[in-house]
Amino acid sequence: MNTTATDVMQKKRRLTPGWTQNFTLIFKSIAKKKGGLIGSIFIAIMLLCAIAAPWLAPFDPNEQNIVQRFAGPGLPHLLGTDYLGRDTLSRIIYGCRIAVLVAFGAVSISSIFGVFLGVVAGYNEGKKFDYFIIWLFDIVRSFPQIILALAIVAVLGPSLVNVVIALAFTAFPFYGRIARAQTLFVKETDYVKAAQAMGQKPIKIIIKHITPNILAPVIVCLGMDMATMVIWESGLSFLGLGVRPPTASWGIMLRNGYKYIQVSPWTIVWPSLAIAFSMIAFSLFSDGLRVALDPKERNR
Amino acid sequence: MLKYSFKRVLWVFPTLIGVLLLLFSLTYFLPGDPATAILGPRATPELIEELNSRLHLDRSMPVRLGYYLKGIVQGDLGTSVWSGHSVSSLMAEALGHTAILAVTTLAVAAVIGIILGAFGAIRQDTPISGVVTIISLMGVALPDFVAALLLMLVFCVKIPIFPAIGAGEGFWDIIMHLILPATALGIGWVGYLARLTHESMVDVLEADYIRTARAFAIPQKSIAYVYALKNAIIPTITVLGLGVGKLLGGAVFVEIIFSRPGLGKLIVDAVYARDFPVLQGGILIATVLFVLANLVADISYGFVNPQIQYD
């Protein structure tokens, strides 16, 4: 009896599509809609800029040319130059790196921590540990997010790593709440009950049976959250509390543009456009993702 | 419902205690000696000693926590390291400016959002829903500080019709100083509230009681604007409570850009100056208001919408 059960399970495992197949399936479903397709293309462009910045950028982002400062769009500086005569286009392309790095870094750290704590708390529903985790989540959620990020950066000091830490810290309870709520539901399903009856260890049940089945809503949040992280990185850098100059970040470019707002409008317009572009990209993509992961809407 | 409200209110207390602990521990996490970190490397030993005794930094951890909590309970948030003003008086001044901004933003955004959303749902043949889509897209694409910078660029620098900095004095001046910051903050809210109203209006218009009203030959207009709208704006209204709380702490960037002396600017200036008593006090006030707004929104949502079940 026992051998047949494992046989069936193994056969089934071969039949279920692997991660890569799932991934292509989801991606195809996103790209089927116009919005999802545009969002995916935009994000692909951002990723390309981030990875291939040294080859795509026409100039060194930190190369100063004081004679040509505040140049308008034209040749050879396609989008003009800033107050030190640095090429705006190159700085925007390099700024993609910071945006992508912060978005992916902060979102992955916060989601991994949040989901882990949320699942463990949900699995131990009603126990002291559960209440402690909920308490922890609620404390962090009590702060207006940007203010908490400000406070953490104020204490740790401004730098790229600290911005990622601060943003991840402000966001993890949101993933935790989703993961916990989903776990409460999933742990009552028959397959989890069966695994428990077979005497599997809780840690194995959590990793193998619960976590994969609660990820869909978490992933949908990831997309939206990346946009938020890009905004806040720019915001913190704009305040001078994020990435340190002379690193090219859209927020720092806006900060410099704000200082010289009377002199050169272009130094504000271009980074604003870059931020707007990435916001639309993430929002369209995550909308597509939400539809793709929702079986009810997928086939509409 | 009452039981849920009661539990929800009670839960605020342990949360706020946690918030206080976290805020208190902020100074503890400062790299190195807090007094040196606040005063900078050129501070004399006498200055450091004076600050240490003023902020009780020379005492042990539990004693400092005791002082901190005692102060909070007595309504004393400490004094600014630099200006010597009491933190609560600084807060009281700043909070007014932020509150005016937050309330104006949301009031205007709510009126425009509800009109656009409701009208778009009633007259689906008009281009209103297109307008709503564009506004929502703008709200998504332009975070408040980007919108603020662009508005400042256009309406203060290129076409100087609005004042760029400060909060203004006197009625008209204050209004003029509010327009650009409120617009920057409000774009996202208009789109969001319009979509929210639109969706709930579409739902409500399909409800049985609307069909009944139609069967009684009640004029189309009064069905839409009296019978349906009354129920359709419930979710929008509950979101507004949340919005005030969010904006009180979330107007940071806009306040900095337009140099409005509000809560956000106070907090950021405290960060620049490493003025930890002001920083802690500002964050505490913003957080308490945020928590209260959440509380009111949660509870009122349950009361106005009896379909929501809590266990």
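I started with helix 3 of chain A, residues 34-51 (helices here are DSSP runs of H or I, at least four residues, numbered from the N terminus). Its 18 residues at 1.5 Å each should span 26 Å, and the end C-alpha atoms are 26 Å apart, so the two agree. The expected span is 1.5 Å times one less than the number of residues.

A note on the source: this is a predicted model, where local features need pLDDT of at least 70 and side-chain atom pairs pLDDT 80 or more, while totals for chains, interfaces and linings use all residues. Residues count from 1 along each chain as its sequence is written, and chains are lettered from A in the order in which they are written.

Back to helix 3: which residues are buried? I found A:Gly36, A:Gly39, A:Ile43, A:Met46, A:Cys49 and A:Ala50. Buried means 20 or more other C-beta atoms within 10 Å of a residue's own, exposed 12 or fewer, partly exposed in between, with C-beta atoms placed from the backbone. Down the axis, the buried ones fall within an arc of 150°, so they line one face; the arc is taken from the directions from the helix axis to the C-beta atoms. On the face turned away sit the exposed A:Lys34 and A:Ala44.

Next I looked at where the chains touch. Chain A puts in 29 residues and chain B 35 (contact means C-beta atoms, placed from the backbone, within 7 Å). Helix 12 of chain A gives the most to its side, seven residues.

Last, I checked A:Leu150. Beyond its neighbours within four places in sequence, A:Leu150 contacts A:Leu241, B:Ile267, B:Val268 and B:Val271.

Note on methods: Two residues are in contact if their C-beta atoms, placed from the backbone, lie within 7 Å. Helices (H or I, at least four residues) and strands (E, at least two) are DSSP runs, numbered from the N terminus.
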